[in-house]
Amino acid sequence: MITGSAFVEILKCGPGTTVRDKGRLGFALYGVPMSGPADSLAFEWVNHLLKNDPNSAVIEISQPGLSLRFQQPTQIALAGAKAKININNHTVASFGLHQIQRDDILEIGAFSAGSLLYLGIHGGIQTEVVLGSRSFYPGITPLSFFKKGDQIPVKPLMIENKKTTFSNVKWDVNRYASESIEVYPGPEWHLLTEWEKEQLIGKPLTVSSMKNAMAIQLEELLPNQLPEISTAPVYPGTVQLTSGGKLLCLMQDAQVTGGYPRVLQVTENSLGNLAQKKPGAIVKFELMC
Amino acid sequence: MSPTLTFITPTISEFYWDQEVSDQLLMDQLAFDSLLTQEFNAQIQETRLGFKTLSVLWKKAMEQDEIEKLTNEFQPGHFSLPETLWEVPVSYSHSHGRDLKGLAASKNISEDEFIALHSNPLYRIHFYGFLPGFMYLNGLPKKLITPRKKIPDRSIPPGSVAIGASQTGIYPMESPGGWHLIGRSPLLFFNVQSNPPVWAKPGERLKFTPISEKEFDLLIRHPKAARRL
C-alpha cells in the first residue's frame, strides 16, 4: 500500500526506468523472477549514503532523459553510471548526496560512463509492495516502467535540512572499467569441447544492443553441438548457449527456468559490472575455480 | 535414486538425476527437497525444480561435504505424490485456439479427435517456470507433439492453452510465445493478491475439460475458483 503523502512527479522519462529493491526472494517456486537491482553495489551505496533501510526501493535508470519535479524538500543520492545531472538547470555532481527543495527539478542527461544510474531518495520509494517487493515486473506490479505524468510516492522528510553524512568516500566509476568478468563453470560446461571452452574464456566478447533487464546478448556466436537440456533452474548471471550459438547472460528479471545449456555462471561481484557495460563494450570471461 | 551434486557457485548448488522424466523421478525430487529443507532450513534461501534437477540458493557459502553426505544417504522411502486432481475448463473454439485446426490437419485427425486426445489424459505438474504461474506439465500424448513455431507470436492472451514440442501449458499472463494455441481457459492462474499466488502444487495433477465458447464467456463474467475433481 502507498504510505506517506509526498510525491515526485515525472515530467519526462526515457524507456526502462523502474523501481528496484532487493527483489522477490522465496517466490521462484511459483515462477516469479528475483527482479533485484542489476548493479547491487550501486543500489546498496545510495541507500547507505541516505542512511536508509538497506532494502529501501530506489529508481534504476537505463536511459537519459528523466526529468523529475519534487513536491517536497528531501534528500537524494546517486551512484552507478556517470551522467550529466542538473538541478534547476545547474550541473551538479553525478555521485553522492544532494539536498532537494520544494519544486526543484532534477534532470538526468547523457551517460558518459556505465549504463545504469541509481537514484535513491530519503526513506525509499513507496510504490506498492507486491509479493514481498516493490521491484517492477510486468504482470506483478501495477506498473512495468515509469512514464511521463506518473507520480512517485515517497516519504515526507521529517527533519528539516537533515544532516548529511560528511563522508568523503567517493563513488569510483573506474570499477566499471575492467573488462574482466569472473565466472564459474555452469552445469553444462563439461559438455563443451576443449575448443569451445577456449573460445569462451579470456577471449574478447562484445556486449550487443540486445540488452535489457532480462538478458544481455553477446555479439559473437559460438557454433556448438550441445543438445537442448530438460528445462532446469537458471539465475541472474547464468550464461546460456543456444543451439544457434548465441550467448545470453541472464539478468535480474530473467525467468527462473530455461531449456538452453548453462555454460557459465557470472559471480555476484561481476554481475553489476557486466550490467553497467554499454553495447559495443568488450568483456572477457575469467574462470574461477 | 541419489542425485549427483554440483556446486555451481559457493551459494548455488544443483542436484541432477540422470534418468527419464517420470512420476517416480518427481517423487524423488520432492522427497529430496523436503529432506533438504528439513536438514538445512535456516541456511536455504530458496529451492527451484527442473525436470531432472533441484537447485538450492544458499543464504551463504556452504560446506560441500555436509551436503554430499546427505545426498549419499538419501533414501526416497515412503514419499508419495498427492492425489489432488484439478479441473481446468478449456474452450477449444477457433477463436480461442487459433492453431488447433491447422494442427489437427497436419496430424490427419479431426478437430474433435484432437480435443479428445488433449483432454483425456491427467497431466502431472512438475514445477513452475518460464512465466509467473506457468506450470510445466508432463503427459502430452505423443501424437500431439509439435515443434515450436519458428517465429513466436507477439501477444498471447492470458489463459491460453498451447502445445510446444513435447509439452502442453497454459499462459498465465499476456506474453509473447512460440507455442501453438489450441484453446483458452477462463481460470486465473496467477493472482498477486493471494499468497501463494497459485492454487496448484508441484506433484498434483490436472485435467482439461472442454467447454463451449458460451460457457467460457459466462465464466469470464462470473469467475470461479479452480475446482478439485
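## The chain B sheet and its helices

Helix 1 of chain B lies across strand 2, strand 3 and strand 4 (53–58) of chain B. Its direction runs at about 175° to strand 3 of chain B. Helix 2 (residues 64–73) of chain B also packs on the sheet. Helix 2 of chain B touches strand 1 and strand 2 of chain B, and makes about 155° with the direction of strand 1 of chain B. This is a predicted model.

The sheet beneath these helices is open, with four strands in the order 1-2-4-3 (chain B) and antiparallel pairing. Strand 1 (4–9) and strand 3 (44–49) of chain B stand at the edges. Each has a single partner strand, so one side of each is left without a neighbour in the sheet. From one strand to the next, the twist averages 20°. Strand 1 of chain B pairs with strand 2 (residues 12–16) of chain B over five bridges, in the antiparallel sense. Thr4(B) has Tyr16(B), in strand 2 of chain B, as its bridge partner.

## Two domains in chain B

The domain assignment splits chain B into domain 1 (4–73) and domain 2 (85–228). Their centres, taken over C-alpha atoms, are separated by 30 Å. Seven residues of domain 1 of chain B are in contact with seven residues of domain 2 of chain B.

Which element gives the largest share of the domain 1 side of chain B that touches domain 2 of chain B? Helix 1 (residues 23–40) of chain B does, with three residues. By class, this side of domain 1 of chain B has five nonpolar, one polar and one charged residues.

## Chain A overall

Chain A has three helices and 18 strands. Its radius of gyration is 20 Å, close to the 19 Å that the globule rule gives for 289 residues. Chain A is therefore as compact as a globular protein of that length. The C-alpha trace of chain A spans about 65 × 40 × 30 Å along its principal axes.

Of the 289 residues of chain A, 48% count as buried. Contacts in chain A also reach across the sequence. Among those between residues at least 6 apart, 78% join residues at least 24 apart.

## Two domains in chain A

Chain A is divided into domain 1 (6–158) and domain 2 (178–287). The centres of these two domains of chain A, over C-alpha atoms, are 28 Å apart. Here 19 residues of domain 1 of chain A are in contact with 13 residues of domain 2 of chain A.

Three elements of chain A each supply at least two residues of the domain 1 side that touches domain 2: helix 1 (40–49), strand 5 (74–87) and strand 8 (105–121). By class, that side of domain 1 of chain A has ten nonpolar, eight polar and one charged residues.

## Helix 1 of chain A

Is helix 1 of chain A mostly covered or mostly uncovered? It is mostly covered, with seven of its ten residues buried. The buried residues of helix 1 of chain A are Ser40(A), Ala42(A), Phe43(A), Trp45(A), Val46(A), Asn47(A) and Leu49(A).

The cover over these residues includes strand 2 (17–20), strand 3 (58–61), strand 5, strand 7 (96–100) and strand 8 of chain A. Helix 3 of chain A is also included. Just after helix 1 of chain A, Lys51(A) takes a positive phi of about 55°.

## The chain A barrel

Seven strands of chain A form a closed barrel, running 10-17-14-15-12-11-18, with mixed pairing. The twist averages 40° from one strand to the next. Helix 3 (residues 268–275) of chain A packs on this sheet. Helix 3 of chain A touches strand 10 (180–185), strand 12, strand 15, strand 17 (262–266) and strand 18 (282–287) of chain A. The direction of helix 3 makes about 135° with that of strand 10 of chain A.

Within the barrel, strand 12 (residues 215–218) and strand 15 (residues 247–250) of chain A run antiparallel and are joined by three bridges. Ile216(A) has Cys249(A), in strand 15 of chain A, as its bridge partner.

## Where the chains meet

At the interface, 24 residues of chain A are in contact with 27 residues of chain B. How many charged residues are on the side of chain A that touches chain B? There are no charged residues on that side of chain A, which has 14 nonpolar and ten polar residues.

Definitions and conventions:
Residues are numbered from 1 along each chain as its sequence is written. Chains are lettered from A and ligands numbered from 1 in the order in which they are written. This is a predicted model: local features need pLDDT of at least 70, side-chain atom pairs count only at pLDDT 80 or more; totals for chains, interfaces and linings use all residues. Two strands pair if DSSP finds at least two bridges between them. Axes are lines fitted to C-alpha atoms, for helices over the stretch in contact, and angles run from 0 to 180 degrees between N-to-C directions. Two residues are in contact if their C-beta atoms, placed from the backbone, lie within 7 Å. Domain bounds come from an automatic or database domain assignment. Ala, Val, Leu, Ile, Met, Phe, Trp, Tyr, Cys and Pro count as nonpolar, Asp, Glu, Lys and Arg as charged, and the others, Gly among them, as polar. A residue is buried if 20 or more other C-beta atoms lie within 10 Å of its own, exposed if 12 or fewer, and partly exposed in between; C-beta atoms are placed from the backbone. The radius of gyration is taken over C-alpha atoms; the globule rule is 2.2 Å times the number of residues to the power 0.38.
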